Each structure stands twice: as structure tokens, then as C-alpha cells.
Amino acid sequence: MTTFAALGLNKTLQANLKRIGYKKPTYIQEHSIGAVLSGTDTYAIAPTGTGKTAAYLLPTLQELSQHDHSEAQVRPIRGLFLVPTRELAQQVHDSINLYGKDLGLRTISIFGGVRIASQINRFKRGSDIIVATPKRLIDLIKSKAITLAHIEHFVMDEADRLVSMGIHQELRSILEQIPKKAQKVLFSATDSKALAKF
């Protein structure tokens, strides 16, 4: 039986998983955690409910925690998780807090339906990670509240839904602002023609 330790996750993450009752990796976790940890670009397809959020969060959180920016006056944004909806942004943010306990990472989620001024204020001290919906992310970039110049890990969750929203131009605009050397990870519930084309 494969274990989270055998996949290369550190002791802090293993302890957090044990605390919340995770005993062994799911199929998608077993086959993608190592790939993401290796730093290679990764494209994975897994149905909803198979543990894909942990499959990309666990290795990405581990990689981001390797460098401590807690003493920086303004933390550079190094991890970007792009999601299609406000609800998913909140779920991913909650999962980061759950899996990433004691890693010392700061996370901010941004999405529409909230006054943009209040979200801009949250970036005064920066953040290691942002979880964002595309249009609100672009609004914040245009207002110069944030920059993607320091992104090291970029993840699109529910990528099939993102590309089906008719916002290809916005998605490409975001990609253009992410450093080419950044790791790019796409997780999707389905493998659509639109996603393959994107």
C-alpha cells in the first residue's frame, strides 16, 4: 500500500493528514503528487470527489513552504490557484488552511461579489498564495494591487469549467503575466475538446 510518506510529503503535511483522518492516498493523489513535487508541468483528469484538490494542494504547499518569506515587509505572491467560482475559491482556501497548518504560509482568496477595495487592502502585507476567480484577478492586476511576476506554481482547478466560460482571452492574459519558468498544473474533471485546444 502506497503511503503519503512514500510519495515524498514532509512530516508536517503527514501529521495534518493523519489529524484529519486521511489514511492512504486516492488513485489521483498517488499518481500526481510525485509529478507535481518533481516540478514538472502536470495535466491530470479526475472526477469530482476523488481527492483531486489534495492531489495538487499537498505537493504545491510543500514546495512553497521550502522558502520562508514571513519576515518580508510584503510577501511576494508565489502560488496562484485559479478556479471558476467563488464557492470553489472558498473551498480551496479552507483546504489550504486544513492541509497547510503549521507551514507558515499566508493565503488570500479573491472573487467577485465583494467590494474590490476591501480585497485590495488585504494585499498590503502581500501573500504567499492567492486563490482567485479569473475576472476579479484581472481587475486586481489592472489596478496594480498585485503582480504575478513572482509566481512559481500556477494551478488551474476545474480547468474544463474555466475554458467553457468563454473567457479564453482573460485566461491567456493571466498566463502571459506568469513567468515562463513557473510550474503549470491543470486539474480537470473531464477531458474536453475545448480544454485540449486551450
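Reader: Before we look at helix α1, what does it take for a residue to count as buried, and what for it to count as exposed?

Author: A residue is buried when its relative accessible area is under 20%, and exposed when that value is over 50%. With that in hand, and remembering that this is a predicted model, we can turn to α1, which spans residues 11-19 and in which Leu-13, Asn-16 and Leu-17 are buried. Seen down the axis of α1, these buried residues fall within an arc of 100 degrees, so they line one face of the helix.

Reader: Which exposed residues are carried by the face of α1 turned away from its buried side?

Author: That face carries Lys-11 and Lys-18, both of them exposed.

Reader: And what do the buried residues of α1 pack against?

Author: They pack against two other helices, namely α3, residues 52-64, and α4, residues 86-99.

Reader: How should I read the two ends of this helix?

Author: Look for side-chain contacts to the backbone at the start, and for backbone angles just after the end. At the start of α1, a side-chain oxygen of Asn-10 comes to within 3.2 Å of the backbone nitrogen of Thr-12, while just after the helix Gly-21 adopts a positive phi of about 95 degrees.

Reader: Turning to the strands, which residues of β2 lie on each of its faces?

Author: For a strand, one can ask what lies on either side of it in turn. In β2, residues 79-82, Gly-79 and Phe-81 are on one side and Leu-80 and Leu-82 on the other, and because all four have relative accessible areas under 20%, both faces are covered.

Reader: Which strands pair with β2, and in what sense?

Author: β2 pairs in the parallel sense with β4, residues 129-132, over four bridges, and it also pairs in the parallel sense, again over four bridges, with β5, residues 153-157. Residue by residue, Phe-81 stands opposite Val-131 in β4 and Leu-80 stands opposite Ile-130 in β4, whereas Leu-82 stands opposite Met-156 in β5.

Reader: Is β4 itself buried or exposed, judging by its side chains?

Author: Ile-129 and Val-131 point one way from β4, Ile-130 and Ala-132 point the other way, and all of them are buried.

Reader: How does the chain cross from β3 to β4?

Author: It helps to establish the pairing before following the path between the strands. β3, residues 107-110, pairs with β4 in the parallel sense over four bridges, and the bridge partner of Ile-110 in β4 is Ala-132. Between these strands the chain passes through helix α5, residues 116-121, in a β-α-β crossover that is right-handed.

How values were computed:
Residues numbered from 1 in each chain as written. Predicted model: local features only at pLDDT ≥ 70, side-chain atom pairs only at ≥ 80, totals over all residues. Heavy atoms only, no water. Buried < 20%, exposed > 50% of the residue type's maximum accessible area, 1.4 Å probe, protein only. Arc of directions from axis to C-beta. Contact = heavy atoms within 4.5 Å. Polar contact = N/O pair within 3.5 Å; in protein donor to acceptor, adjacent residues only side chain to side chain. Pairing = 2+ DSSP bridges. Right-handed = clockwise from strand over helix to strand, strands pointing away.
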